[in-house]
Amino acid sequence: MNLHEFQAKKLFAEFGIPVPEGRVAASAEEAEAAARELGGDLWVVKAQVHAGGRGKAGGVKLVRSPEEARDAAAGMIGRKLATHQTQGEGLPIERVWVERGSEIARELYLSVLVDRARECLTFVASAAGGMEIEEVAEKSPEQILTVPVNPGSGFSGYEARRLGFGLNLEADQLKTFAKLVRALYTFMLEKDASLVEINPLIVTKGGDLLALDAKVNLDDNALFRHKDTAAMRDPSQEDAAEAEAAEHGLNYVSLDGDIACMVNGAGLAMATMDLIKLAGGEPANFLDVGGGATAERVSVAFRLILSNENVKAILVNIFGGIVRCDMIAEGIIAAVKGVGVPVPVVVRLEGTNVEEGRRLLAESGLDITTAGNLTEAADKAVAAAREGKQA
């Protein structure tokens, strides 16, 4: 789950991570009032969307009066912002963050993430902050510093000094920086975050450190422990089909292909998509209905699949272990009848009562093609999708 910048900065402040003072606004009038309340003569108005690259897309505006803050907010709220990280028309802007301007001397990059390769938390830092870190890593990898933290000993002063020296901080800034990175490490652990990123972390002309931006990704599997942060979820920033899937306990991710997949088990779903690619097709989604696939879940899955207008065929790949194949077949038949599926459906069943399940599908009178193995199923689904394109 992603957080908005204003939400992340609120949490940062609670953990002692320095952030500029700001206010969230849901209207142009609120933005003007926020600028007046903050005071000063320079403010930044930032569109609140779950995407990077906002500045280049017009989602970050420097203003020099409360009236300009109002006008900037009016040009954002109620519209959509498309960046290199968004799809289609972009993401809706429902709020802006109005922040007092900062005098920037240096821009740094700092993040901490779950490093699955090293099996620990790892800090990533660079003196080339404020830029696309992916571009820096590709073109100037020597500017990227990675510091893994041993989970047994935890975060130490050594890691803080290594990061601070790597960022060329001055001696009087190292103590403040050490507190900041320790707070980030504590934040990661206590909030069950998978990524915390500050880009840029600025050094002001007065020598202070400030988190000028804040990106936080939380582990969905740990949200049951954090009711407060779970309540911060913003469905408007998520793919509509993915949000609906989550409500029904389904794991769904939209993709760009035309062959929809409905599978029970994440590993089997990945293998199914691989075989579709191997057969010359393109998967339209990742969809794991889970081990306890019921008729209701299958019906919801079909509706999600058919919400994608690009789908030309559906491949159902179910291994009947916890749930018998005949029960799964009954659920598929009921779902196809109830939803009204206008594209070919290829079903591969394996497991308990598989012969009975295949018999039920064959005698259903519906446009359902069965396959004896996964390779055959992928070939049939790709062929059906191609026929649909030609038609």
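These legends accompany several close-up views of a predicted model.

**View 1. Lys9 and Glu99 meet in a salt bridge.** Let's begin with a pair whose closest N and O atoms are 2.4 Å apart. Lys9 sits in helix H1 (residues 5-14) and Glu99 in strand E6 (residues 96-100), so this contact ties together parts that are 90 residues apart in sequence. Both Lys9 and Glu99 are buried. If you would like to look further afield, a search of the whole structure finds 26 salt bridges.

**View 2. Glu99 also forms a salt bridge with Lys46.** Here the N to O distance is 3.6 Å. Lys46 belongs to strand E2 (residues 43-47) and Glu99 to strand E6, and the pair links distant parts of the chain, 53 residues apart. Lys46 is buried, and Glu99 is too.

**View 3. Asp115 and Arg118 join their side chains in a salt bridge.** The N to O distance in this pair is 2.6 Å. Take a moment to compare the two partners: Asp115 is buried, with a relative accessible area of 10%, whereas Arg118 is partly exposed, at 45%. Elsewhere, salt bridges with shared partners join Glu5, Lys9, Lys46, Arg54, Glu99 and Asp213 into one network.

**View 4. Phe12, Phe123 and Leu184 touch the most other members of the largest nonpolar core.** This core has 40 residues. Helix H6 (residues 171-191) is its biggest contributor, giving nine residues. A second core, separate from this one, has 36 residues, including Ala241, Val300, Ile305 and Ala329.

**View 5. The surroundings of Phe12 bring in residues from several stretches of the sequence.** Which residues is Phe12 in contact with, leaving aside its neighbours within four places in sequence? They are Ile17, Val19, Leu184, Phe187, Val196, Ile198, Ala211, Ala214 and Val216. Leu184, in this list, is itself named with Phe12 among the residues touching the most other members of the largest nonpolar core.

**View 6. Cys261 is a buried cysteine in a structure with zero disulfides.** How far is the sulfur of Cys261 from the closest cysteine sulfur? The distance is 18 Å, to Cys325, which is too far for a bond. Cys261 has a relative accessibility of 1%. Another cysteine worth finding is Cys120, which also counts as buried, at 11% relative accessibility.

Definitions and conventions
Residues numbered from 1 in each chain as written. Predicted model: local features only at pLDDT ≥ 70, side-chain atom pairs only at ≥ 80, totals over all residues. Heavy atoms only, no water. Salt bridge = Lys/Arg side-chain N within 4 Å of Asp/Glu carboxyl O. Helix = DSSP H or I, 4+ residues; strand = E, 2+ residues; numbered from the N terminus. Buried < 20%, exposed > 50% of the residue type's maximum accessible area, 1.4 Å probe, protein only. Core = buried A, V, L, I, M, F, W, Y, C linked by side-chain atoms within 4.5 Å. Contact = heavy atoms within 4.5 Å. Disulfide = S-S within 2.5 Å.
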